[in-house]
Amino acid sequence: MTGVFVHPNGLCESETVGEGTRVWAFAHVLKGARVGRDCNICDGAFVENEAVLGNNVTVKNNVLVFNLVTCEDDVFLGPNVVFTNDMRPRAHQKLGSDALLPTLVRSGATIGANSVVVCGTVIGENAFVGAGAVVARNVPAHAFVVGNPAVQKGWVCRCAARLDENLTCPEDGTRHRLVSDTEGLVAL
């Protein structure tokens with residue numbers, strides 16, 4: 001792995017890690033995990049062997065990215081985010097990947113600190129999950145969700161600013177169009 005920084009107290013067993021990626025102290029990336037370019041995997045993070053991280057993904061401290069979790073490009077995972085992959089975990093059952101549920105985090109999404117993402121969900125492009133949320137169902141593109149269980153409180157721009165009632169960003173003026181309540185918004 002050329003162009004990859006692994007802290008002396010970090011452990012990166014995967015050989016599929018993109019140039020410019022940094023793995024910090026006490027982080028552990030298992031063999032088989034796929035990590036893109038320019039990722040930042042902070043202290044204490046864990047990336048399991050069937051997880052996929054796209055390019056420019058930020059994985060803050062103590063994040064747990066288990067098998068069958070895919071984060072596309074430019075995803076931000078705040079400190080202590082936890083993904084699940086088993087809807088009915090039992091210590092005496094050792095399930096293979098075929099019995100687990102995948103989770104997909106689309107490009108540009110943010111998941112705030114201390115959030116839990118229940119397996120089988122899709123978090124839409126540029127969506128924003130507020131700190132401490134429990135995501136138990138799909139989140140539309142550009143949706144802003146908070147709470148336990150997470151509920152939608154509005155819409156956000158790619159820049160993370162809350163959109164006004166006309167679905168326009170007050171920061172950069174980007175206008176958006178609603179595709180559907182389940183699919184979310186697209187920028188115009």
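**Reading ring pairs, a salt bridge and a hairpin**

Tutor: A search of the whole structure turns up three aromatic pairs. This is a predicted model, in which local features need pLDDT of at least 70 and side-chain atom pairs count only at pLDDT 80 or more, while totals for chains, interfaces and linings use all residues. Residues are numbered from 1 along each chain as its sequence is written, and side-chain values use heavy atoms, with hydrogens and water left out.

Student: Happy to start there! What makes two rings pair?

Tutor: Rings of Phe, Tyr and Trp (its six-membered ring) pair if their centres lie within 6.5 Å; planes under 30 degrees apart are stacked, over 60 edge-to-face, and the rest tilted. Take Phe 5 and Trp 24: the ring centres are 4.9 Å apart and the planes stand at 50°, so this pair is tilted.

Student: Where do Phe 5 and Trp 24 lie?

Tutor: Strands (E, at least two residues) are DSSP runs, numbered from the N terminus. Phe 5 belongs to strand 1 (residues 5–6) and Trp 24 to the loop between strand 4 (22–23) and strand 5 (28–29), so the contact ties together parts 19 residues apart in sequence.

Student: Are Phe 5 and Trp 24 buried or exposed, or in between?

Tutor: Buried means under 20% relative accessible area, exposed over 50%, and partly exposed in between (1.4 Å probe, protein chains only). Phe 5, at 36%, is partly exposed, and so is Trp 24, at 30%.

Student: Which other pair can we look at?

Tutor: Try Phe 128 and Phe 144, with centres 5.9 Å apart and planes at 55°, so they too are tilted. This pair links distant parts of the chain, with Phe 128 in strand 19 (residues 128–129) and Phe 144 in strand 21 (residues 143–146), 16 residues apart. Phe 128 is partly exposed at 25%, whereas Phe 144 is buried at 15%.

Student: Now for charges: how many salt bridges are there?

Tutor: A salt bridge is a side-chain nitrogen of Lys or Arg within 4 Å of a carboxyl oxygen of Asp or Glu. The whole structure holds one. In a salt bridge, Glu 72 and Arg 106 meet at 3.0 Å, N to O. Glu 72 sits in the loop between strand 12 (69–71) and strand 13 (76–77), and Arg 106 in the loop between strand 15 (103–105) and strand 16 (110–111), 34 residues apart. Glu 72 is partly exposed at 23%, as is Arg 106 at 33%.

Student: Last one: how do strand 23 and strand 24 run?

Tutor: Two strands pair if DSSP finds at least two bridges between them. Strand 23 (residues 176–180) and strand 24 (residues 184–187) run antiparallel, joined by four bridges. Arg 177 has Val 186 of strand 24 as its bridge partner. With three residues between them, the two strands form a hairpin.
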